[in-house]
Amino acid sequence: MNNKRQLLLGLDIGSSSIKASLVDAETGRCAASAFFPEHEAPIRAVKPGWAEQDPRQWWDNACLALRKALSDATASASEIAAIGISYQMHGLVCVDEQQRVLRDSIIWCDSRAVPLGERAAQALGHDVCLERLLNLPGNFTASKLAWVKENEPDVFGRIHKVMLPGDYIAMRLSGEIGTTVSGLSEGMFWDFKNQQPAQFLLDYYGIPASMLATVVPTFGIQAQVSQAISDELGIPAGTPISYRAGDQPNNALSLAVLEPGEVAATAGTSGVVYGVLGEVNRDPLSRVNTFAHVNHKRDLTRLGVLLCINGTGILNAWMRRNVAPDLSYDQINDLCATVPVGSQGMTVIPFGNGAERVLENRDTGCSVHGLDFNHHTRAHLLRAAQEGIVFSFAYGMDIMREMGMDISRIHAGNANMFLSPVFRETLAGVSGATIELMDTDGSIGAARGAGMGCGIYKDAREAFAPLQRLAVIEPDVSRHDEYQCAYQRWRNCLQQALNQQQQ
């Protein structure tokens, strides 16, 4: 490295806010982070189930976040040596030949394209879709584009290229339009059998292959900052954009989860378990999704298996508002610890935030089982809720194990539900996996990824050497039977709820 300080810029394009982090390339430490807007960004919902955002607002907020981070770090934009981008997955951005946005982005949580994906799976065959896409077309980006074709033909006719949210930010920085194999796979645009864009699905939907962006490597010189953006932001023209990935693959990278058997987990409003698989496989019931991981290559299979649970932190937040409004989350966690494993017979099914993919898109609702008015207190209810969330993770991880994944170690950020000792000890106990809590986030991970992509770091080991491990939670083998008993009771209650729904 030369004597001039080199900063790595990581941008995390979320649906709530845009975060910018500056990482000192030499020390690997974060110099400053900032996010905009300060309050949650609006999501436009013209009809029930719709969710849209203006991509141009992402760009404006990214610029604001960058300027604030530079100010906080007492740094100059001229010190930025490379840029990495993390982004909300599955969004659809459409631009014309002048790179102008043609409509608001249909983002990840928009469900309008579900019927189109279901028809495609039926017409093409479930087995064919799973074999070639590793998922059903579902509500992913390709189906969203098909919706535009069917319902907004005037917009569709003017589309030059379609992109994911991170591709759009890279385009604004460079004027160049590209995407990655990982990005194409998350949009259902990648055929894993033939290792090329999924022409069979494009043909079914009537989408020209020319609408897809040029494939660039996940790590590498994808594009370079344009002179116009250099004049506007001060980043040197020619600065490489050298990494991009969807938020969940990037979260795994941020936690140094790259090899088969390694697992990353988050537990905010919803919860995600993301594990790396070393062979091509898929869940025949599509209860979990499989995408190309950030280090997937033609000659090195690295797939990310994604389990998403809608009813996680939102249940914990509901409990605080309605059961323990007088307590902080720390106090709730302390109260949970006064109750033994298994909540003395009380069980909570946490699925009160809509249909769950892990349940084959069924909606059981949230339910409480085994409540004894003469014995149980709110402490039992609070603990049973946290245990119920953990058991939903374990249920999904059982599916991942059926796919051949050996889950022995879980990496997580020290945030949200993982701040609860009961939550993390129960997860370690029921899964048998060691949990490592790390000090990082998505924008910092994207910055380190940029350092790998431009060659500042020779490999992931060097890039993530500064990653701090805050705590290690080992499974308590002395309580193995207690955890398994509580988990089996939870599974029995879940099966009862599913049976009642079918009646």
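**Strand pairing and helix packing, argued from definitions**

Trainee: Which residue of S2 stands opposite Ile 13?
Mentor: In S2, the residue opposite Ile 13 is Ile 18, and I should add at once that this is a predicted model.

Trainee: What makes S1 and S2 count as paired strands?
Mentor: Two strands pair if DSSP finds at least two bridges between them, and strand S1 (residues 7–13) is joined to strand S2 (residues 18–24) by 7 bridges, with the two running antiparallel. S1 and S2 also form a hairpin, with 4 residues between them.

Trainee: In which sense do S1 and S5 pair, parallel or antiparallel?
Mentor: S1 and strand S5 (residues 80–87) pair in the parallel sense, over 7 bridges. On that side, Ile 13 stands opposite Tyr 87.

Trainee: Why is S1 called mostly covered?
Mentor: A residue counts as buried under 20% relative accessible area, and 6 of the 7 residues of S1 are buried.

Trainee: Why are S17 and S23 said to stand at the edges of their sheet?
Mentor: The sheet is open, has 7 strands with mixed pairing, and follows the order S17-S18-S16-S15-S21-S22-S23. Strand S17 (289–292) and strand S23 (468–473) each have a single partner strand, so one side of each is left without a neighbour in the sheet. Ignoring direction, neighbouring strands of this sheet are turned by 25° against each other on average.

Trainee: Which strands of this sheet does helix H14 touch?
Mentor: Helix H14 (residues 421–431) packs on the sheet and touches S15, strand S21 (409–413), strand S22 (434–439) and S23, while its direction makes about 140° with that of S22.

Trainee: What makes S15 and S16 a pair?
Mentor: The criterion is at least two bridges, and 5 bridges join strand S15 (residues 262–267) to strand S16 (residues 271–277), which run antiparallel. For Ala 264, the bridge partner in S16 is Tyr 274.

Trainee: Why are H2 and H4 called roughly perpendicular?
Mentor: The axes of helix H2 (residues 114–124) and helix H4 (residues 141–151) come within 8 Å and cross at roughly 105°. Angles of 65 to 115 degrees count as roughly perpendicular, and H2 and H4 are therefore roughly perpendicular to each other.

Trainee: Which residues make that contact, and how many of them are nonpolar, polar or charged?
Mentor: H2 contributes Leu 116, Gly 117 and Arg 119, and H4 contributes Ser 143, Ala 146, Trp 147 and Glu 150. By class, the contact of H2 with H4 has 3 nonpolar, 2 polar and 2 charged residues, where Gly is counted among the polar ones.

Notes:
Residues are numbered from 1 along each chain as its sequence is written. This is a predicted model: local features need pLDDT of at least 70, side-chain atom pairs count only at pLDDT 80 or more; totals for chains, interfaces and linings use all residues. Side-chain values use heavy atoms; hydrogens and water are left out. Axes are lines fitted to C-alpha atoms, for helices over the stretch in contact, and angles run from 0 to 180 degrees between N-to-C directions. Angles under 35 degrees count as roughly parallel, over 145 as roughly antiparallel, 65 to 115 as roughly perpendicular and the rest as oblique. Contact means heavy atoms within 4.5 Å. Buried means under 20% relative accessible area, exposed over 50%, partly exposed in between (1.4 Å probe, protein chains only).
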